[in-house]
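Reader: I am new to this structure. Please show me how to read its interior.

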Amino acid sequence: MKSLYTDPDRYMQTFRVFLGLSDEHDAMFKWINGQFANNVVDGLTQSHPPDQPFRVLGVGSGSGEPDLAMLSHIKSRIRYSSLMYCVVEPNFTQISQFQEAVKSPNNASLCSDVAFDWRQLTSEGFRAFASKTDATTKYNLIVMIQVLYYVPDVEETIRYYHSLLAEGGSLIILQVSGDSHWHQVWAEFSHLLPQNDLCNYSTSSELSKVADGIGLNYVTVKLPSWMEVSSCFDETSDEGSLLLDFITETLNFAETAPAPLQKNFLSYLKRIARAQGEKMYFDNSQSVLIFQK
């Protein structure tokens with residue numbers, strides 16, 4: 001078996017299926033338009049001098065939909081002398097989609113006065129780049145969405161990005177919740193899945209333990225979310241095959257995983273999933289950790 005991440009095109013296929021079958025983005029946008037707009041932006045408004053630049057760092061920004069939603073609230077509430085947005089995203093397809101969204105007529109007004117800095121890099125790649133070229137830059141807002149699974153040292157990564165905050169700035173980290181079905185699947189099967197995978201299988205619970213150990217102040221907000229997994233149990237379903245790849249982070253799981261592993265995995269998935277009529281749902285809940293300096 002091979003890691004799904006060895007085939008970027010296949011990964012994007014699985015990711016699109018995941019988005020279509022889950023309400024993760026709906027839950028995220030509800031939080032952005034509610035608590036982020038009211039609480040986080042309020043804090044940034046009070047702490048940021050209007051005659052100073054406002055700097056945002058998005059790490060793992062993907063195709064940019066959540067970033068642009070947050071940007072709209074920033075621009076409507078916060079006064080600044082200039083607005084700079086550094087985007088760090090390793091996937092070529094996704095960062096290209098973000099760039100196209102910025103150029104779109106629909107976002108012309110939103111993005112017209114924003115200086116974007118595009119970096120097709122991983123988190124570790126950005127750290128190496130910044131240490132050589134721009135080690136003193138501080139950011140008013142740092143957003144890390146689904147990033148900390150793919151770093152070699154979670155504690156050091158949190159320490160590093162927290163150190164990049166300007167006074168009064170906020171670090172937002174979104175990760176799967178410790179009580180989601182992701183945690184259960186990873187606990188049961190991660191040792192049986194491809195070991196060349198970079199994923200460290202950390203959840204919000206692990207991040208909280210790390211932050212507590214460092215002594216950082218933060219608040220946690222849970223974003224309930226569900227993903228329909230009914231097609232996983234249909235051997236003839238291409239959608240189900242792609243979704244299994246996404247859940248197991250394994251390339252062509254249905255074709256390459258040993259038969260006993262497939263049987264055990266599907267049996268476990270059916271056992272933990274919530275049945276609603278003829279459909280099966282997987283707890284895809286996320287948690288947002290909000291740090292303020």
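**Cores and a cavity**

Author: Start with the largest nonpolar core. This model is predicted. The core has 36 residues, and Trp31, Phe36, Phe54, Leu71, Phe116 and Leu141 touch the most other members.

Reader: Which helix gives the largest share of this core?

Author: Helix α2, residues 24-47, does, with 8 residues.

Reader: Is there a second core, or what else should I look for?

Author: A second, separate core has 35 residues. Among them are Trp186, Leu242, Phe265 and Ile272.

Reader: How do I read the contacts of one residue, say Leu141? What does Leu141 touch?

Author: Leave out residues up to four places away in sequence. Then Leu141 touches Phe36, Leu44, Phe54, Arg55, Val56, Leu57, Ile74, Ser170 and Ile172. Phe36 and Phe54 are also listed with Leu141 among the core members that touch the most others.

Reader: How is empty space found?

Author: Rolling a probe the size of a water molecule over the atoms shows where empty space is left. Here, the structure holds 1 cavity of 30 Å³ or more. The largest cavity has a volume of about 40 Å³.

Reader: Which residues line the largest cavity?

Author: Met28, Trp31, Ile32, Met70, Val143, Ile145, Ile172, Leu174 and Val288 do. By class, 9 are nonpolar, with no polar and no charged residues.

Reader: Which elements each supply at least two residues of that lining?

Author: Look at α2, β5 (139-145) and β6 (165-176). The largest share, 3 residues, comes from α2. Helix α2 also gives the largest share of the largest core.

Note on methods
Residues numbered from 1 in each chain as written. Predicted model: local features only at pLDDT ≥ 70, side-chain atom pairs only at ≥ 80, totals over all residues. Heavy atoms only, no water. Core = buried A, V, L, I, M, F, W, Y, C linked by side-chain atoms within 4.5 Å. Buried < 20%, exposed > 50% of the residue type's maximum accessible area, 1.4 Å probe, protein only. Helix = DSSP H or I, 4+ residues; strand = E, 2+ residues; numbered from the N terminus. Contact = heavy atoms within 4.5 Å. 1 Å grid on protein atoms, 1.4 Å probe; cavity = no way out; pocket = protein on both sides within 12 Å on 5 of 7 lines; lining within 4 Å. Points joined across faces, edges and corners; volume = space filled by probe spheres on them. Nonpolar A, V, L, I, M, F, W, Y, C, P; charged D, E, K, R; others polar.
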